[in-house]
Amino acid sequence: MVTRTLCLLGYVLGCLLAFSARAELVIEVTQGKQSAIPMAVVPMSWSGEGELPEDISAVVENDLGSSGYFRMLDQANMISRPSELDDINYADWRNLQQDFVMIGRIAQDASGYTVEFHVVDVAKRLEVLKHRVKGKASQLRDIAHYISDYIFERLTGIRGVFSTKLIYVTTNRERSRFNLNYADADGAREQLIFTSPHPIISPAWAPDGNKVAYVSFESGRSAIYFQELATGKRELVIKMQGSTSAPSFSPDGKRLAFVHSKLGNPDIYVLDLDSRNIERLTNHYAIDTEPQWMPDGKSLVFTSSRAGGPQVYKLDTATKSVDRMTFQGNYNARPRVTEDGRKLVYVHQRGQRFHIASQDIRSGRVQVLTNDTDLDESPSVAPNGSMVVYATSEADRSILAAVSVDGDVKFRLPSKYGDVREPAWSPIF
Amino acid sequence: MQNSAFVKAFGLGLGALMVTACSSTGDINEDNSELTTKAETTASENNEANEVNTNNQVDPTAIPVDTDKVAGEELEAQAREAEAALMKQTVFYFDFDQSTIKQDGKAALMAHAAYLSANSSARVVLEGHADERGTVEYNLALGERRAMAVRRFLMANGASADQLEVVSFGEERPVATGHNEASWAENRRVVLNYR
């Protein structure tokens with residue numbers, strides 16, 4: 001929270017990335033929770049000069065609505081638009097069957113923008129939240145996401161991830177251009193951070209959020225690169241004969257699990273980022289790939305074809321012992337783990353279709369989350385464990401979509417052009 | 001020198017075709033020796049034929065030399081054509097989640113192996129690909145598996161390791177962009193790119 005406040009005050013360089021005019025991805029909620037909380041976000045008053053450069057209230061409304069946890073009241077249906085607590089007529093909001101109402105005021109001075117907001121409980125006729133947030137002109141969306149996170153966490157008990165980021169790859173039809181993009185979790189403020197005529201795959205965040213790893217084919221074969229977000233500085237990470245791919249940072253950020261393949265035998269390795277020592281963890285003639293750390297930092301999950309088709313396995317990094325985790329179906333791959341270590345999320349083939357499935361690690365119970373999409377791949381779990389963003393096929397194109405880990409909430413992030421692939425959800429900064 | 005290289009290549013080509021007829025796997029190390037033997041046999045048969053011709057010149061009415069040359073050139077051209085025709089196939093297809101070379105691609109791969117064996121300076125990049133189904137990194141590994149299967153097959157049939165480079169693009173470089181089996185079948189492939 002301290003970090004976030006500092007960000008908003010503009011002291012952290014990572015938050016100073018330039019503002020881009022138009023978002024490429026726009027959220028469309030396709031399914032919300034049955035139990036979604038009815039809530040009204042009243043457009044906040046604006047006391048500064050001219051037009052407010054960013055509609056903060058609309059961003060908050062969109063954030064909370066897209067989470068699936070809230071059902072937002074359409075502004076057109078609001079009977080009144082109070083901005084002060086005293087002006088709230090509780091009867092109006094009760095008639096509109098709202099549980100919570102947010103109101104607020106936006107002001108501007110020499111140091112930037114200040115937003116004061118309140119959330120009231122309509123049934124109890126009580127103010128439940130009151131908060132003030134400040135930021136610069138370039139941070140109006142950051143302010144909005146901060147407000148959304150603040151409200152979401154206090155009303156649902158779950159940490160909000162509206163201030164987090166996505167990185168993802170876009171390509172054109174001809175596959176002659178590959179772009180690595182950086183955007184808000186709602187798809188806004190997209191920025192190009194690396195572009196190449198060669199494929200880019202497998203972006204992964206360092207846990208501090210300052211650096212990303214990805215695989216680029218610029219040398220003619222797959223190799224892992226690091227890129228610092230604030231400086232754009234790139235580094236070829238591993239200089240081994242053959243190809244490297246599938247980077248995954250350990251939870252403490254000190255090690256990188258990856259795949260190295262020489263002469264067609266991909267195995268799992270771990271690079272110690274301080275000493276640059278490399279340790280081989282698997283040595284099997286089958287395909288071993290897609291390593292991902294468990295939250296304890298002691299074991300990995302990965303995909304292996306050692307049983308014939310791809311299945312998910314757990315690997316103890318100390319003993320190197322391997323245990324199979326998935327048993328339903330012939331194709332289970334690219335595992336991701338929620339941050340509480342309870343659920344495994346992966347690509348699952350059912351019949352001829354590919355879906356995202358979640359598996360309760362303790363009980364082994366499998367739930368297919370995405371019955372309505374096909375050719376699903378590249379699942380990436382939000383840092384609060386609530387949502388999974390993934391790539392899917394729609395009308396002959398690849399788009400991003402998201403589904404909650406319980407399958408209740410679904411939204412799409414369609415883009416205006418090209419194919420969008422390989423999303424990676426950032427940690428909470 | 002060039003001539004003997006040709007005879008060797010020709011012999012290998014022929015041998016390759018014969019092996020194709022009777023073998024079903026890519027890993028046929030023992031066939032290597034068979035191929036060499038075949039090449040030698042072809043060469044020694046030619047020598048024998050020449051010797052016979054020399055002996056026959058005792059009879060002034062028989063003038064078989066021209067006939068032999070014509071026949072030889074015809075075979076040479078045919079072999080070249082046959083091998084060239086086979087080598088036109090540079091893309092080899094695979095089943096879903098499989099890296100086994102299909103039977104119908106083996107004759108062409110034999111011709112490539114024979115060519116590589118006869119032309120030690122030739123270099124080829126084996127580019128492995130997968131269709132869009134399944135996961136990106138698994139498909140990268142699968143593409144490499146496929147290219148490696150082709151590499152093993154070419155080596156088993158006379159190509160040497162330093163002539164063959166393996167690279168995988170996984171599902172990143174499809175030739176067909178449809179989301180259907182017809183497109184997927186085209187994308188599950190290994191492409192031979194001569195340098």
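How many residues does helix H4 of chain A have, and how far does the helix reach from its first C-alpha to its last? In this predicted model, H4(A) covers residues 140-156, which gives 17 residues, and spans 24 Å between its end C-alpha atoms. That reach is close to the 24 Å expected at 1.5 Å a residue.

**Helix H4 of chain A**

H4(A) is mostly covered, with 14 of its 17 residues buried. An α-helix has 3.6 residues a turn, so residues three or four places apart point the same way. Just after the end of H4(A), A:Gly157 adopts a positive phi of about 80°.

**Strands S5, S6 and S7 of chain A**

Strand S6 of chain A is joined to S5(A) and also to S7(A). The two pairings are set out below.

| Strand pair | Direction | Bridges | Residues between strands | Opposed residues |
|---|---|---|---|---|
| S5(A), residues 100-109, and S6(A), residues 112-121 | antiparallel | 10 bridges | 2 residues | A:Gln108 and A:Tyr113 |
| S6(A), residues 112-121, and S7(A), residues 126-135 | antiparallel | 9 bridges | 4 residues | A:Val120 and A:Glu127 |

S5(A) and S6(A) make up a hairpin, and S6(A) forms another hairpin with S7(A). In the hairpin of S6(A) and S7(A), A:Arg125 takes a positive phi near 50°.

**Nonpolar cores**

The largest nonpolar core holds 82 residues, and A:Val388 and A:Leu400 touch the most other members of that core. Beyond its neighbours within four places in sequence, A:Leu400 contacts A:Leu25, A:Tyr168, A:Val389, A:Ala391, A:Leu413, A:Val420 and A:Pro423. Another core, of 36 residues, lies apart from the largest one; its members include A:Ala40, A:Trp93, A:Phe152 and A:Leu155. Of these, A:Phe152 and A:Leu155 fall within the residue range 140-156 of H4(A). In soluble globular proteins, nonpolar side chains tend to be buried together.

**Chain B**

Which pattern of helices and strands does chain B follow along its sequence? Chain B reads α-α-α-β-α-β-α-β-α-β, a total of 6 helices and 4 strands. Of the 195 residues in chain B, 41% are buried. When contacts in chain B between residues at least 6 apart in sequence are considered, 75% of them join residues at least 24 apart.

Methods
Residues are numbered from 1 along each chain as its sequence is written. Chains are lettered from A and ligands numbered from 1 in the order in which they are written. This is a predicted model: local features need pLDDT of at least 70, side-chain atom pairs count only at pLDDT 80 or more; totals for chains, interfaces and linings use all residues. A residue is buried if 20 or more other C-beta atoms lie within 10 Å of its own, exposed if 12 or fewer, and partly exposed in between; C-beta atoms are placed from the backbone. Two residues are in contact if their C-beta atoms, placed from the backbone, lie within 7 Å. Two strands pair if DSSP finds at least two bridges between them. The expected span of a helix is 1.5 Å times one less than its number of residues. A nonpolar core is a set of buried Ala, Val, Leu, Ile, Met, Phe, Trp, Tyr and Cys residues joined through C-beta atoms within 7 Å.
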